[in-house]
Structure formats: C-alpha cells, structure tokens
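Please examine the fold shown below, attending to how its helices and strands are arranged. The paragraphs that follow take up these elements in turn.

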Amino acid sequence: MTRKKTAETGPGPAAGRSDAAPEDEERRALLREMLRIRRFEERCVELYSAAEIRGFMHLYIGEEAVAAGVMPALGPRDAVVTTYREHGHALARGIPAEAVMAEMFGRTTGCSRGRGGSMHLFDAATRFYGGNAIVAGGLPLAVGLALADRMRGADQVTACFLGDGAAAEGEFHECLNLAALWRLPVLFVCENNRYAMGTALAREHAQTDLALRASSYGLVSWAVDGMDVLAVSAAARRAAESVRWGGGPHFLEMRTYRYRAHSMYDPDQYRARTEIEEWRRHDPIDALAARLRADGVLGDEDLTAMEKEIAAEIDGAVEAARDAPLEPVADLTRFVYSERAVRP
C-alpha cells in the first residue's frame, strides 16, 4: 500500500496560482470538507424543523475538524466504525451526500435503504460500519473487524470513533485491553466534546485525561487539539501509519466541542451560553480559513466558489431525497427474517 505523505503547513503561493504547492491544496481540501459537513447539517436542521426529517438526530456542528482530518489518513480498504453522531464521518469517508440525505428522509435510495435513519448510516462499499446507536457499541465491532483483518494477513486499519461517554462503559475497558493484548490494528479516535449527553466529563470521571487512561492498557496514546484540523490531520497520519505497520493499537483523544445540544430533542440546559460562545471563538473552520488567508492561499472568491459548489451539492441531495420512494409496506419484514430456502 502506498504510504501517504504527511501534509505540511507552511506558507505557500497566492490563491489562484496554478503552481500552488500540494500542502496548500490539502489544506484547502480540509477547509472545504469541514464546510461541506457543516452546511449539510445546517440544512438537516432546517429540514428537521419542517418535519421532513424525523426521529432522532445528533449534530456534529463544531466537531468537523475530527472527521475531516482523520479520514484522509485512511485507505479505501481500511474500516471505519463510529457513533450515532456520524453524518460528518460518512460524508468525509466518501458516502455520497445523496445517499446520506436520502437515509435521513427514510427513502430506499439511502445508504441503509431508509431503514437506519440518522443514527445508523452504513455503507459496505467504503467499509463504513455504522452509525451505532448504543454508547460504546461500536468498540467490540471494531476489535472484531481488526482481528479478522489480522487473521487474513491484511495490512488494514480499523478506525473506531467513540465519544467521551464511552469511557464509562465496560466495552471501553474490555476492548482496549483486548486490542492491546493481541496488538490489533485499531486506531481509537475519542471525540471528547466534554459532555456525555448532558453530563460534564468532570462530574462523571475522577480521571478526565482519557488518553492517560487508554495508555494504562498499553496503547500508544496522546491528546490532540480537536479544534485544529491540521493538528488532527498530522496526528491521524502518524497514528494510522504506525498501526498499519505493526505498532499495535493507538488512541487519540480529540479534545473538541459540539455547539448544538446532544440531540434535536435536548433543551441543552446543562451548560452556560457563555461557555458555548467561548468555544465558538475557536471554531475550526474559521481558524483554518484565517490561516489560509494569512498565508495568501485563500481569497474571497475561493471561499465563495466553495460555498456555491457545496450548496449545489446539498440542494441536489435534498431534491433527490424528496423524489426517492419510500419502502413498500409489503417489504417491511424484508431483511428482518431470513427467507425460506427454496427446495427443488
């Protein structure tokens, strides 16, 4: 497998020049991906408020740097397991926006045929194994996928995204221990947004340094500024490379923050508005855009072009979802029960 070169972050040529350095293009691509994830979810909020999207929905707004920064470190044969806050992961992994939006609408053209909705996005073609609604429920799955890859002799990585709330579950300890014991190729990516649903990390855990806790099981672990997509990208590439070539499981604690409530049903009364506004001042999209402007590799016209392209993609996804069919009532038990074998 071809190894990817770690992106550098030094200043480059001015925006619009054809000789722009690859690292500048990579940084612009990271900015575009974060914008794409945020605009997609902002549209989902509008559609949910209009009752076109129903059920539970958990937003990723504020955390975009993690998905956008980690996914480029993975190869197409690597596996991804994530939580129910997974719209950004799915988009960054390469699942088409049309398939994700159709799933939000519950249509048969969705990536889970409309049966999973917001919390259960799945796509075998990109080895995207959820979207898991149970807290920490993806960890055993990730360990199993990594074990299967190891038994086949494949040089593949399983990236397992989890939240800080997962650290309070038994699966967290069992899976980290087993992964370390068997030196399985798992990259655990903990998105520590400070709140497990509505409970602050410090009110639930005596030890709030989750990277330190993971290291107690023998994993190579460190904390990363999850609001800095360049820091996320560098850490993910370094960790994925080590895991791929026999370094054993790694654990990255991405220290990030969600601006929105836990879910669309959550009144969000457990934290001060001033806290949210303080975190907004460290917005990952604004921070990277400012850096690119300062380096002379992003102009107003570039940002406008990005926004137009993204808006057109999302508009198309929404229209396609509205036009897509619902599953026929006659098919409701399909995939639930095995079909009776036809005997000659």
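Helix α5 (residues 138-151) lies across β1 (79-83), β2, β3 and β4, contact being heavy atoms within 4.5 Å. Its direction is at about 170° to β3; axes are lines fitted to C-alpha atoms, for helices over the stretch in contact, and angles run from 0 to 180 degrees between N-to-C directions. Helices (H or I, at least four residues) and strands (E, at least two) are DSSP runs, numbered from the N terminus. The model is predicted: local features need pLDDT of at least 70 and side-chain atom pairs count only at pLDDT 80 or more, whereas totals for chains, interfaces and linings use all residues. Residues are numbered from 1 along each chain as its sequence is written, and side-chain values use heavy atoms, with hydrogens and water left out.

The strands beneath this description belong to an open sheet of six, in the order β2-β1-β3-β4-β8-β7, with parallel pairing; two strands pair if DSSP finds at least two bridges between them. Because β2 (128-132) and β7 (220-225) stand at the edges with a single partner strand each, one side of each is left without a neighbour in the sheet. From one strand to the next, the twist averages 15°. Strand β3 (residues 158-163) is joined to β4 (residues 186-192) by six bridges in the parallel sense, and F161 has V189 in β4 as its bridge partner.

Another helix, α9 (residues 229-244), lies across β4, β7 and β8 (250-255), at about 165° to β7.

Helices α4 (residues 97-105) and α12 (residues 300-323) pack at about 45°, their axes 8 Å apart.
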